[in-house]
Amino acid sequence: MLAKFLDTIRARITRPLQYYQDICVRCGACIDACHFYVASGSPAHIPAYRMMLVKKLLQQPNHGWKGRGILGWYRETGMADERMVTELRQALWECTGCRRCSVFCPFDLDTALMVNVGRYALLQEGMGMEMAAEIGNAEVSKGEIIDALREFYVDQVRELEGRIREEWGVSDLRIPVDEPARVLYVPVVGEHAIIPLAKIFYAAQESWSLSLFTATNHSFFVGDIEKAKQAAHWIVEEARRLGVQVIAYAECGHATRTLLNFWDHWFGDEISGIQRVSVVQLVAAYLKEGRIRVREGAFDGPMTYHDPCNLGRNAGIYEEPRLLIRAVATDFRELTPNRELNWCCGGGGGMIAEPGMLEVRMKAGQPKVEQIQRTGARWVVTTCENCKTQLADLSERYGLGVEVRGVVDLIADALV
Amino acid sequence: MATLAFLFAYITPYMAVVVFFGGLAYRVFRWWRKPPAPAHLSLFPRPQSRLGRLLDALVDMFTLKGLLRVNPLLWAGGFIMHLGLLFVLVGHIRAFTDFYFLWKLLNWGKEQQHAFSAVAGTIAGTLFTIPLFYLLARRWSGAVKWLSVPEDFFVLFLLIGIALTGFHMRLLRTVEIEELHRFFAGLASFRWQPVPKSAGPAFIWHFALVQLLMVYFPFGKLSHTIGSVLSKMVARS
């Protein structure tokens, strides 16, 4: 088992991973960065320890020479045992990939990148988040059967469209699907990701089309980059077929990060000339340009904003959500710390999809709970589907009594 | 003992230099032959322009400003140690040549040069050494003990050993720098000269430990010297 595991992981060591392992001085600056370690006190949750574990594994002698003697002692290679496997599972699966530790690291080492590679290798051995991996597979195969699904999907959207028209009293509101347009909006699963945008696009008189696919990419969570690419490629094809100028992703952390920071590497020239944005950036632009107007102070009471790791420190979207919130809130309060030092909600990295991880993520959310309590907020607003689910679960478990909302929901509710 | 001293003075220095540069080249080659980063691994906020990002990475590398923000105590330990090391390294230029231009500019005689070196060298050495003991103590404290492996202790003890033998020469002997110049010029030209007597017995130990450091340097965590600029650039790519 070990030999195959090592081969899988070795084949996926890229240049940064190679020097991350070589140069980490184990100074311990990352100890205070990880919400898992802060909540559990378990060494396998320290980012540098996660790195060390994989490094130790990679230094295991392959065959013949057993790594005994002084070099074996020096490299601590004699421990590929049960304890190591337990620690490895903890280190690689109990991580949200939030990269807060990279901000703390004096060398900016990216532990999450290594965790991602390690996860893939573990999964090949049948150890880990199989549910998330299965959803990832479904996202890949969806593209192959999309023609069979289209009619059913369009029917559902028409029904939703009818409901919004009735509720809003506008007969000309449309939810275009699979039509040539300027903006291709890619939602996440569920009508809550479509309704607010249908209203906002209507108000802004945008030429848009709803994607047949969803932004979420579970293969990315489990480190299967080949499949992650395949799943995202369906959206690239759709965008090119419809001749759109802009691809806008729903409020979804990991998908937005891949869209903004990975697509250049994944698709290169295929996506040249297509602007890629988070829907939050798009809506903020509408507000700034005066294409939509909102009721000032529509939400009366203390409100705070949680920077999702993948939109904040991993994609640099800090100002747009704040601009939108300030337009509708009367009492906006920042979390401390915030922005790139914000605590992760504890639910990222695909854990939401995995029922067995509930207790792990509830525990990892403790720093977040304390942070929210200190603000005294009534609303916690964020821009990531994962964070929303996790924050709502935390609120229920720890009795926070807060309402969790997305930024674009607020805007849709406050439209005039 | 005399044989060992002879080896450390005249034979192993050449090996150390070869291993040091060869090892660094091998290290860079090992990085270079791997496939490049799979995506933009940026951390935000980051400067917009390429030049801005390079400057930000370099400023962060030389000031550790990111660490200062999250862990001031560790920053102080790390930063002061590296600063002391930099001063010490600059001071060691005097072992091979001298700051002739500077002395001329200041119009300082032998006496003054020597007094200045004694004071500056002691301060630099202290800045370097005291944080090393802090970093060593830290290795056993709290969660850091989970992260401490033999290599960490090896490096710290090696650096402390080099510092203490250095202090021995600085504080307990009066080193004739002409002797040093002759010795190193001899090594460089393969026309061996006697080991500097005025430096005392600590000299050969100091010299041997530095060679050990040079041999180890490319193969362990000290390769962060060259690797950290790469990781900082990748985090701003």
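User: How many helices and strands does chain A have?

Analyst: In this predicted model, chain A has 20 helices and eight strands.

User: Why is chain A called as compact as a globular protein of its length?

Analyst: The radius of gyration of chain A is 22 Å, and the globule rule gives 22 Å for 416 residues; the two values are close, so chain A is as compact as a globular protein of that length. Along the principal axes, the C-alpha atoms fill a box of roughly 80 × 50 × 35 Å.

User: What makes β2 and β4 of chain A edge strands?

Analyst: The open sheet in question has four strands in the order β2-β1-β3-β4 (chain A), with parallel pairing. Strands β2 (208-210) and β4 (275-278) of chain A each have a single partner strand, so one side of each lacks a neighbour in the sheet. Direction ignored, neighbouring strands here are turned by 25° against each other on average.

User: How do you know that β1 and β3 of chain A pair?

Analyst: Pairing requires at least two bridges; β1 (residues 183-186) and β3 (residues 246-249) of chain A have four, in the parallel sense. They therefore count as paired. Within this pair, V186(A) stands opposite Y249(A).

User: Which helix lies across β1, β3 and β4 of chain A?

Analyst: Helix α15 (residues 279-289) of chain A does, running at about 90° to β4(A).

User: What makes β6 and β8 the edge strands of the sheet β6-β5-β7-β8 (chain A)?

Analyst: This open sheet has four strands and parallel pairing. Its strands β6 (329-334) and β8 (403-406) of chain A each pair on one side only. From one strand to the next, the twist averages 35°. Helix α16 (residues 319-328) of chain A packs on the sheet, touching β5 (299-306), β6 and β7 of chain A, and its direction makes about 140° with that of β6(A).

User: How do you know that β7(A) pairs with β8(A)?

Analyst: Four bridges join β7 (residues 379-382) of chain A to β8(A), against a required minimum of two. The strands run parallel, and W379(A) stands opposite E403(A) in β8(A).

User: Why is α6(A) called oblique to α8(A)?

Analyst: The axes of α6 (residues 82-93) and α8 (residues 111-124) of chain A come within 9 Å and cross at roughly 125°. That angle lies outside the 65 to 115 range for roughly perpendicular and is not over 145, the limit for roughly antiparallel, so α6(A) is oblique to α8(A). The crossing is left-handed.

User: Which classes of residue make the contact of α6(A) with α8(A)?

Analyst: The contact has seven nonpolar, one polar and two charged residues. Among them are L88(A) and R89(A) of α6(A), and V115(A) and G118(A) of α8(A).

Conventions:
Residues are numbered from 1 along each chain as its sequence is written. Chains are lettered from A and ligands numbered from 1 in the order in which they are written. This is a predicted model: local features need pLDDT of at least 70, side-chain atom pairs count only at pLDDT 80 or more; totals for chains, interfaces and linings use all residues. Side-chain values use heavy atoms; hydrogens and water are left out. Helices (H or I, at least four residues) and strands (E, at least two) are DSSP runs, numbered from the N terminus. Axes are lines fitted to C-alpha atoms, for helices over the stretch in contact, and angles run from 0 to 180 degrees between N-to-C directions. Contact means heavy atoms within 4.5 Å. Angles under 35 degrees count as roughly parallel, over 145 as roughly antiparallel, 65 to 115 as roughly perpendicular and the rest as oblique. A crossing is left-handed if the near helix is turned anticlockwise from the far one by less than a right angle, and right-handed if clockwise. Ala, Val, Leu, Ile, Met, Phe, Trp, Tyr, Cys and Pro count as nonpolar, Asp, Glu, Lys and Arg as charged, and the others, Gly among them, as polar. The radius of gyration is taken over C-alpha atoms; the globule rule is 2.2 Å times the number of residues to the power 0.38.
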